[in-house]
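Me: Can you walk me through this one? I'd like to start with the charged pairs and then move around.

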Amino acid sequence: DDTLQRFSRIRAVLRLLRIVIMFRKASTAAEGVVAHTTGLGYNLESPAQQVTGILRPLSDFPRLTQHQRDDIRWAIAIIDQGGLYQPIASTGVTGLDENGAAWMTTATTGADTQH
């Protein structure tokens with residue numbers, strides 16, 4: 001019975017520590033958002049920068065699987081490169097009408113000439 005009480009106390013202390021750590025992370029994230037505004041209160045970041053600012057801390061979040069973290073890092077890379085609206089064409093795409101095929105051709109050749 002004494003061992004159970006000790007274990008319960010230790011468990012409670014660890015829970016409190018976990019809550020303190022979570023609040024510190026939340027306040028740090030809030031300070032980061034405030035730091036991006038000017039003295040007039042305007043945010044000068046583009047929406048893409050805001051999204052990557054949110055995704056970067058998530059890419060190191062320990063509760064996510066490695067595959068999920070890799071997906072987040074891939075998304076950050078695509079957004080940083082400006083390729084958010086570029087089509088990803090795989091070989092053997094079928095079922096496109098004339099407009100879809102024309103868009104795909106224009107978009108893929110346009111992307112090659114821009115870089």
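Salt bridges and other contacts

Reply: Starting at the N-terminal end, Asp2 and Arg6 are joined through their side chains by a salt bridge, 3.7 Å from N to O. Note that this is a predicted model.

Me: Where do Asp2 and Arg6 lie?

Reply: Both are in helix H1, 4 residues apart, which is about one turn of the helix.

Me: Is Arg6 buried or exposed, and what about Asp2?

Reply: Arg6 counts as exposed, at 54% relative accessibility. Asp2 counts as partly exposed, at 46%.

Me: How many salt bridges does the structure hold?

Reply: There are 4. One of them pairs the side chains of Asp80 and Arg56, at 2.7 Å from N to O.

Me: Which helices does that pair come from?

Reply: Asp80 is in helix H3 and Arg56 is in helix H2, so the salt bridge ties together parts that lie 24 residues apart in sequence. Asp80 has a relative accessible area of 47% and is partly exposed. Arg56 is also partly exposed, with a value of 41%.

Me: Ok. What does Asp70 form with Arg73?

Reply: A salt bridge, with the closest N and O atoms 3.4 Å apart. The two residues are 3 apart in helix H3, so about one helical turn separates them.

Me: How accessible are Asp70 and Arg73?

Reply: Asp70 is partly exposed at 37% relative accessibility. Arg73 is partly exposed too, with a relative accessible area of 34%.

Me: Which residues are joined into one network with them?

Reply: Asp60 is in the network with Asp70 and Arg73, through salt bridges that share partners.

Me: Changing topic. Where is Ser59?

Reply: Ser59 sits in the loop between helix H2, residues 47-58, and H3.

Me: Buried or exposed?

Reply: Ser59 is buried, because its relative accessible area is 8% and the cut-off for buried is under 20%.

Me: What is Ser59 in contact with, leaving aside neighbours within four places in sequence?

Reply: Arg69, Ile72, Arg73 and Ile76. Of these, Arg73 is the residue that forms the salt bridge with Asp70.

Me: And Ile78, where is that?

Reply: In helix H3. At 22% relative accessibility it counts as partly exposed, because buried would need a value under 20%. Setting aside neighbours within four places in sequence, Ile78 contacts Gly83 and Leu84.

Me: Back to H1. Which residues form the nonpolar patch on the surface?

Reply: Ile10, Leu14, Leu17 and Ile21, with about 380 Å² of accessible area together. Leu17 belongs to helix H1, which covers residues 2-35. Its relative accessible area is 48%, so Leu17 is partly exposed.

Me: Last topic, confidence. What is the mean pLDDT?

Reply: For the protein the mean is 76, and 70% of its residues reach 70 or more.

Me: Which elements have the lowest and the highest mean pLDDT?

Reply: Helix H4, residues 98-114, has the lowest mean at 67. Helix H3, residues 66-81, has the highest at 91.

Me: Where is the pLDDT below 50?

Reply: Over residues 111-115. Beyond near neighbours in sequence, that stretch has 2 contacts in the model.

Me: What should not be read in detail?

Reply: The predicted coordinates, where pLDDT is low.

Terms used: Residues numbered from 1 in each chain as written. Predicted model: local features only at pLDDT ≥ 70, side-chain atom pairs only at ≥ 80, totals over all residues. Heavy atoms only, no water. Patch = residues over 30% accessible without salt bridge, like charges linked within 9 Å, V, L, I, M, F, W, Y side chains within 5 Å. Areas by Shrake-Rupley, 256 points an atom, 1.4 Å probe, with all protein chains shown as cover. Buried < 20%, exposed > 50% of the residue type's maximum accessible area, 1.4 Å probe, protein only. pLDDT = per-residue confidence, 0-100. Contact = heavy atoms within 4.5 Å.
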